[in-house]
Amino acid sequence: LWLLSPLLRWLFNLRPPATQKQFLLSEQDRRFVRDVARRTWRFFSDFVGENTSWLPPDNYQVSPLNQLAMRTSPTNIGLWILSALAAHDFGYLTGDEVVEKLTNSMETIGFVEKLTNSMETIGKLERYEGHLLNWYNLQTLTPLEPRYVSAVDSGNLLGALWTLEHGLDELLQ
């Protein structure tokens with residue numbers, strides 16, 4: 001038994017072969033998800049600009065009036081930052097286009113210029129002990145009442161920045 005112990009140890013430590021789970025969506029579900037992704041990308045692409053201080057608006061309200069909700073939060077900012085990676089994952093941008101949009105300026109206002117302008121704007125926002133407040137008016141950049149720090153929204157922004165870092169590393173690899 002003592003002589004067989006290395007063999008027994010090896011046998012007991014064998015792992016079953018890894019199998020990759022596949023979750024297949026129906027064609028109708030795939031079309032639905034792609035439509036939602038395309039409309040989400042279009043929202044950020046269309047509405048982040050000079051008139052929103054280079055920050056993403058909270059939402060676009062169709063009814064009763066067609067108008068933007070001219071407020072933003074740390075969660076919205078994080079989603080805006082990740083929009084280029086998501087656009088790549090859904091095939092709307094190539095890897096080269098994502099890198100280009102994040103590193104070079106284009107003839108028109110490109111993603112990196114928007115992102116740079118967004119970061120400059122974020123640097124100007126009022127904070128509480130270093131934390132972004134939960135809601136800001138996009139036209140005046142003043143905090144909306146009641147002023148508070150949301151741990152959830154701050155965590156969402158941090159998670160978005162962490163994801164962006166790792167997503168860009170993966171994309172460059």
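This report walks through a predicted model of one protein chain, from its overall build down to a few single residues.

**The whole chain**

Let's start with the layout. The protein chain has 6 helices and 6 strands. Going from the N terminus, they come in the order α-α-β-β-β-α-α-α-β-β-β-α. The radius of gyration is 22 Å, well over the 16 Å that the globule rule gives for 173 residues, so the chain is more spread out than a compact globule. Put a box around the C-alpha atoms along the principal axes, and that box is roughly 80 × 45 × 35 Å.

How much of the chain counts as buried? That would be 32% of the 173 residues. The accessible surface adds up to about 12,200 Å², and carbon and sulfur atoms own 56% of it. As for contacts with a separation of 6 or more, 54% of them link residues 24 or more positions apart. On the charge side, there are 15 positive and 20 negative charges, and their mean positions sit 8 Å apart.

**The largest nonpolar core**

In soluble globular proteins, nonpolar side chains tend to be buried together. Here, the largest nonpolar core has 19 residues. The members that touch the most others are Leu 55, Ile 77, Trp 80, Ile 81 and Leu 132. Two or more core residues come from each of α2 (27-47), α3 (74-89), α5 (111-124) and α6 (151-172). Which element gives the largest share of this core? It is α3, with 5 residues.

Leu 132 is worth a look of its own. Leaving out residues up to four places away in sequence, Leu 132 touches Pro 74, Ile 122, Leu 125, Arg 127, Val 149, Ser 154 and Leu 157.

**Two threonines**

Now for a pair of threonines, set side by side.

| Residue | Place | Relative accessibility |
|---|---|---|
| Thr 121 | helix α5 | 7%, buried |
| Thr 94 | loop between α3 and α4 (95-103) | 43%, partly exposed |

Why does Thr 121 count as buried? Its relative accessibility is 7%, and buried means under 20%. Not counting residues up to four places away in sequence, Thr 121 touches Ser 53, Trp 54, Leu 55 and Leu 141. One of these, Leu 55, is also among the core members that touch the most others.

Thr 94, with its 43%, counts as partly exposed. Its C-alpha atom is separated by 9.9 Å from that of Ala 84, and the two residues are 10 apart along the chain.

Notes: Residues numbered from 1 in each chain as written. Predicted model: local features only at pLDDT ≥ 70, side-chain atom pairs only at ≥ 80, totals over all residues. Heavy atoms only, no water. Core = buried A, V, L, I, M, F, W, Y, C linked by side-chain atoms within 4.5 Å. Buried < 20%, exposed > 50% of the residue type's maximum accessible area, 1.4 Å probe, protein only. Helix = DSSP H or I, 4+ residues; strand = E, 2+ residues; numbered from the N terminus. Contact = heavy atoms within 4.5 Å. Rg over C-alpha atoms; globule rule 2.2 N^0.38 Å. Areas by Shrake-Rupley, 256 points an atom, 1.4 Å probe, with all protein chains shown as cover. Lys, Arg positive; Asp, Glu negative; His and termini not counted. Charge placed at Lys NZ, Arg CZ, Asp CG, Glu CD.
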